[in-house]
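Visitor: I would like to take a close look at a single part of this model, and I would be glad of a careful, connected account.

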Amino acid sequence: MTLVEVNNISKTYGDTRAVDGISFGIQQGEIFGLLGPNGAGKSTTINMLCAYTEPTGGQIRTDDIDVVAEPERVKPTIGVVPQDIALYPDLNAVENLRFFGRLYDIPADQLTRRIEELLRLVGLYEKRKGRVEHYSGGMKRRLNLAAGLLNRPKFLLLDEPTVGVDPQSRNAIFEFIQALNAQGLTILYTTHYMEEAELLCHRVGVMDEGHIIALNTPQHLINTLGTGIIHIGVQGGDEGLTAQLRALPQVKAVTYRDGTLIVETVDAQQALLDIIGLFNETDTPMTALEILEPNLESVFIQLTGKQLRD
Amino acid sequence: MKKLLYVASNELLLLFKDKMAAVWMIILPLALTTIMGLAFGGLGGGSEPVVIDLPVVDQDGGEMAAAVLDILAQTQGTYLHLETEYDEGTARQLVYDGKRAGALIIPAGFTADVTSGNPTALDLLVAPGGQTAPLLEGMVRGVTSGFSSVQTTVEVTISEVQRATGSYDLDYDGIAARVVATAQERLENPPVSTRVTTVGNAEEEEEFNIFDQVVPGYAVMFAMFGVLGGAGAILEEKERGTFKRLLIAPVPKYVLMGGKLLAQFIVGVAQIVLMFAFGALVFHVSLGGSILGLVLVTLATCWATTALGMLLVAVIKSRKQVHPITTLIVLGTSAIGGSWFPLFLMPKWVQQAARVTLVAWAMEGYNQLMLFGGGLNDVWPDIGVLLLYGAVCFVVGLRLFRFKEA
């Protein structure tokens with residue numbers, strides 16, 4: 001069953017099209033990822049889905065409610081975890097959650113229980129009386145996450161929830177998200193970390209410059225689009241060498257950028273032997289060598305010619 | 001409505017949690033009010049000349065009356081702007097209404113009495129409790145005292161010349177002794193004196209208390225600092241991201257903004273009430289004859305201040321701009337609006353320019369109630385202007401405020 005339907009939405013700021021006619025659906029109980037570099041349009045998409053920003057065009061329906069026409073009906077059913085730590089640093093965890101919870105008309109006794117439950121879930125119950133400003137980055141992220149769950153949403157939107165988090169806290173957040181999803185919560189997850197998208201998401205939409213340029217399960221994207229990519233540092237782009245590389249049997253494509261030859265291969269290990277042989281034959285010095293196994297990063301590079309962190 | 005109160009109570013909780021807020025909003029205002037009140041216990045603590053409008057009704061029209069006007073006009077340190085266009089009734093009414101700190105009546109026959117040595121007096125009408133009244137009284141007494149000396153000298157000299165022309169044998173020791181004796185006698189019973197009459201509410205005309213001016217002045221100034229600073233907190237919330245979280249929650253925009261403004265309004269009222277309570281308990285500040293008037297002026301002032309805060313938040317782009325801009329506005333409007341010195345002591349053009357500030361209207365209301373013994377009816381115009389001021393700022397501010405960043 002489709003919980004969220006996004007149909008040809010766009011958002012324009014002046015002359016800039018932040019989101020340009022994207023469409024996708026999110027199934028009930030699914031973790032749907034939007035993967036792309038900063039500025040790809042992921043946060044703008046989330047802002048439109050949670051009725052914070054009105055689309056310039058297109059339709060969004062969540063649980064069969066038109067988000068643009070009836071935002072006040074949609075808001076109580078969704079939870080949002082913004083990219084910023086949207087908490088009051090001078091208040092403690094309980095005071096933060098109580099205030100945000102009250103805005104959802106949660107009865108006082110239920111809210112008290114919900115706050116305790118969430119603080120235990122995110123591992124902050126023991127620290128609940130400390131001012132948030134004294135929390136570590138990971139603790140703040142976890143509390144930020146808890147604040148988005150106060151109203152028991154049907155649909156949770158997570159906007160890069162692990163930015164600036166240490167590996168231990170990141171793993172705790174992953175486990176928490178997976179546990180929430182196991183309970184049936186539908187999640188939209190944006191990130192520019194391909195590992196996160198591969199690990200968490202059932203399906204991923206790859207975004208760049210306001211467009212979704214590929215959409216499928218991570219494995220399917222890797223299998224169909226992913227290639228082993230070899231980065232070779234060279235001194236100057238030699239057209240002859242590039243042509244010779246392209247002629248190698250395991251090589252699909254070669255591009256030169258900023259002193260690096262980006263070689264897309266069918267099989268990186270096999271291609272590497274041929275490439276080293278070619279460099280030896282032509283006596284061309286290699287200043288660097290890096291092999292990228294097929295993954296969403298290489299999918300993105302193949303689709304856009306850019307890296308996710310660009 | 002419930003959510004509006006939640007938003008307001010959260011704002012107050014945030015303020016309560018901010019330790020520096022207590023310093024800025026309570027300790028500093030009380031300390032500064034105390035220091036300024038004690039430092040400026042007398043009028044005009046600075047070296048700049050003070051300008052006072054003084055209606056003078058010359059019923060004499062003679063040479064000595066003209067001399068009085070000349071002397072008053074050349075008074076050092078304080079510049080008297082003499083207004084000679086009023087009749088006695090109008091001058092009396094101006095003082096009664098608190099529009100002038102005092103008025104001088106030079107009675108008919110003044111010149112004749114001075115030159116003939118008959119006792120006479122200048123009539124000085126002063127407003128009750130007005131802080132310029134003692135100054136005016138001192139200045140006029142200085143003039144009349146001078147006239148007494150002149151009269152003495154004239155009297156002694158004439159008698160000596162008369163005696164000398166008879167004998168051509170001047171008794172210098174005798175003249176000196178007679179001048180001293182006459183001067184002493186005149187000092188005790190001056191032939192030219194000042195009759196001071198208080199015009200207005202006689203019950204309020206007890207000894208002037210500088211804190212009657214300083215307390216409301218600094219209360220308004222610091223309430224503005226508090227409220228406008230609180231308005232800056234909205235920009236801080238926008239930059240931090242909590243404002244976005246509030247907009248994502250099922251809370252109408254007007255409820256969200258209403259809650260925040262309600263909190264700022266409460267903060268402003270609390271600050272002024274605290275300052276007045278402190279002033280009344282510690283410095284025996286007179287709260288005037290109309291507590292209702294005082295309450296309404298306070299509420300109208302805080303409404304106007306809160307709405308001005310809304311307007312500022314709408315036009316200021318970032319939190320970094322808040323402090324310099326609000327400081328400039330608060331200090332600038334306090335200086336010309338009568339928070340530091342009574343408005344009626346300012347030059348005419350300043351008094352007129354000050355009308356664009358809410359401080360001027362607030363201080364006129366407070367001065368009317370606390371200095372001039374006015375009642376509720378006397379401050380309705382001030383309350384009305386403050387309410388209108390707030391309404392205009394609120395509507396314009398709400399129209400310009402960007403709830404969401406582009």
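Which residue follows H1(A), and what is the sign of its phi? Please start there and work outward through the surroundings of that helix.

Guide: In this predicted model, the residue that follows H1(A) is A:Ala51, and its phi is positive, near 70°. The helix that comes before A:Ala51 spans residues 42–49 of chain A and is mostly covered, with 8 of its 8 residues buried. Here a residue is called buried if 20 or more other C-beta atoms lie within 10 Å of its own, and among the residues of H1(A) that meet this description are the polar-to-charged run A:Lys42, A:Ser43, A:Thr44 and A:Thr45, as well as A:Ile46, A:Asn47, A:Met48 and A:Leu49.

As for what the helix rests against, H1(A) lies across E1, E2 and E4 of chain A, and runs at about 60° to E2(A). These strands belong to an open sheet of 4 strands in chain A, whose order is E2-E1-E4-E5 and whose pairing is antiparallel. The edges of that sheet are strand E2 (16–27) and strand E5 (65–66) of chain A, each of which pairs on one side only. Strands of a sheet pair through backbone hydrogen bonds, either parallel or antiparallel. Within the sheet, strand E1 (residues 2–13) of chain A runs antiparallel to strand E4 (residues 57–62) of chain A, and 5 bridges join the two; A:Val6, for instance, has A:Ile60 in E4(A) as its bridge partner.

Elsewhere in chain A there is another antiparallel pair, made by strand E9 (residues 203–208) and strand E10 (residues 211–216), which pair over 5 bridges. A:Val204 has its bridge partner, A:Asn216, in E10(A). E9(A) and E10(A) form a hairpin with 2 residues between them, and in this turn A:Glu209 has a positive phi of about 50°, just as the phi of A:Ala51 after H1(A) is positive.

Chain A also touches a second chain: 22 residues of chain A are in contact with 20 residues of chain B. On the chain B side, the elements that give two or more residues are helix H1 (2–17) and helix H9 (242–248) of chain B, and the residues of that side divide into 10 nonpolar, 3 polar and 7 charged. Chain B itself has 15 helices and 5 strands, and buried residues make up 44% of its 406 residues.

Note on methods
Residues are numbered from 1 along each chain as its sequence is written. Chains are lettered from A and ligands numbered from 1 in the order in which they are written. This is a predicted model: local features need pLDDT of at least 70, side-chain atom pairs count only at pLDDT 80 or more; totals for chains, interfaces and linings use all residues. A residue is buried if 20 or more other C-beta atoms lie within 10 Å of its own, exposed if 12 or fewer, and partly exposed in between; C-beta atoms are placed from the backbone. Two strands pair if DSSP finds at least two bridges between them. Two residues are in contact if their C-beta atoms, placed from the backbone, lie within 7 Å. Axes are lines fitted to C-alpha atoms, for helices over the stretch in contact, and angles run from 0 to 180 degrees between N-to-C directions.
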